[in-house]
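Reader: I would like to learn how to read charged pairs and helix packing in a model. Where should I begin?

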Amino acid sequence: MNCHTDWNCRLFPCMRERIIDASASIEGMRVLYDRFGFKRFCMMPEYDARRETVSMFLLRRFRSEEMLKPLLPKEWKVRYASRVLLTPNLHRTESLHKLCLSKNKYLPISLPIAEYDDWMDFELNRLLYQSHFKLLMTSCELYPIFTPPEALKRIFHMENAIYQFNYKALTEPDICRIISSLVRRNKTVLLGTSLDCAEKAWQYDFTYYLEASDNHMYFTHLQTVLDSTHEFWKM
């Protein structure tokens, strides 16, 4: 069985996601494991600095981890991370560095589902050049929906940033072109599911998404992305 990685797994209980029971988390992960060979899951509950402190969020996340850990099969590898919602003055948030990925110190960022505004550029710049974070931009397949071309270009040319897309987006020609452009510029691209409930896991057609990419991007580019998705786990 192949070992696939989900870099944006939202099958995490009791963190304002759709799942309120750890057994439902396991059910969704089990579907991905049994059908497609997913063995590594990076949990990405969302942190909103307007709602709570980093310390309170981490306490809640720890409690959810303790609910999930006893139910995990030994062959699965799970990381407990966070995606940080981009909000005004986020760079001033105390202890924000504690939400970076533990090994490589990237801060996962989630853009708001809203029309792109000037404050977003300002905040990203402050995170990069004042707070000196390296950024992991999550759910990048959504960006073209809300972001004008010039802002989109700035996002995909940020210094030291890496980018995560949904496997499902491999069926979309425009997204595949963006991914290929990133690969040509030697940017790290990761893939994930963004699944937030077991019901959606049953509908997720991972094999089809990979096969559909053949129509929209070079196989070598896809292989590079799959390799990055695999190898970044070790970094």
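**Charged pairs and a helix contact**

Author: Begin with one pair: arginine 61 and glutamate 65 form a salt bridge, and their closest N and O atoms are 3.3 Å apart. Keep in mind that this is a predicted model.

Reader: What is the general idea behind such a pair?

Author: Side chains of opposite charge can pair when their charged atoms come close. In this case, both arginine 61 and glutamate 65 belong to helix H2 (residues 54-68), where they sit four residues apart, about one turn of the helix.

Reader: Are arginine 61 and glutamate 65 buried or exposed?

Author: Both arginine 61 and glutamate 65 are buried. For glutamate 65 the relative accessible area is 9%, and the cut-off for buried is under 20%.

Reader: Which other side chain does glutamate 65 meet in a salt bridge?

Author: Lysine 69, with an N to O distance of 3.8 Å. Lysine 69 is partly exposed, at a relative accessible area of 40%, whereas glutamate 65 is buried. Through salt bridges that share partners, Arg61, Glu65, Glu66 and Lys69 are joined into one network.

Reader: How many salt bridges does a search of the whole structure find?

Author: The search gives 11. One of the pairs is aspartate 34 with arginine 30, whose side chains meet at 4.0 Å, N to O. The cut-off for a salt bridge is within 4 Å.

Reader: How far apart are aspartate 34 and arginine 30 along helix H1?

Author: They are four residues apart in H1 (residues 22-36), so about one helical turn separates them. Aspartate 34 is partly exposed, with a relative accessible area of 47%. Arginine 30 is also partly exposed, with a value of 31%.

Reader: Now the helix packing. At what angle do helix H6 and helix H9 pack?

Author: The angle between H6 (residues 173-184) and H9 (residues 219-231) is about 75 degrees, and their axes are 10 Å apart. Angles of 65 to 115 degrees count as roughly perpendicular, and H6 and H9 are therefore roughly perpendicular to each other.

Reader: Which residues make the contact between H6 and H9?

Author: H6 contributes Ile179, Ser180, Val183 and Arg184, while His221, Thr224 and Val225 come from H9. Sorted by class, the contact of H6 with H9 has three nonpolar, three polar and one charged residues.

Methods
Residues are numbered from 1 along each chain as its sequence is written. This is a predicted model: local features need pLDDT of at least 70, side-chain atom pairs count only at pLDDT 80 or more; totals for chains, interfaces and linings use all residues. Side-chain values use heavy atoms; hydrogens and water are left out. Axes are lines fitted to C-alpha atoms, for helices over the stretch in contact, and angles run from 0 to 180 degrees between N-to-C directions. Helices (H or I, at least four residues) and strands (E, at least two) are DSSP runs, numbered from the N terminus. Angles under 35 degrees count as roughly parallel, over 145 as roughly antiparallel, 65 to 115 as roughly perpendicular and the rest as oblique. Contact means heavy atoms within 4.5 Å. Ala, Val, Leu, Ile, Met, Phe, Trp, Tyr, Cys and Pro count as nonpolar, Asp, Glu, Lys and Arg as charged, and the others, Gly among them, as polar. Buried means under 20% relative accessible area, exposed over 50%, partly exposed in between (1.4 Å probe, protein chains only).
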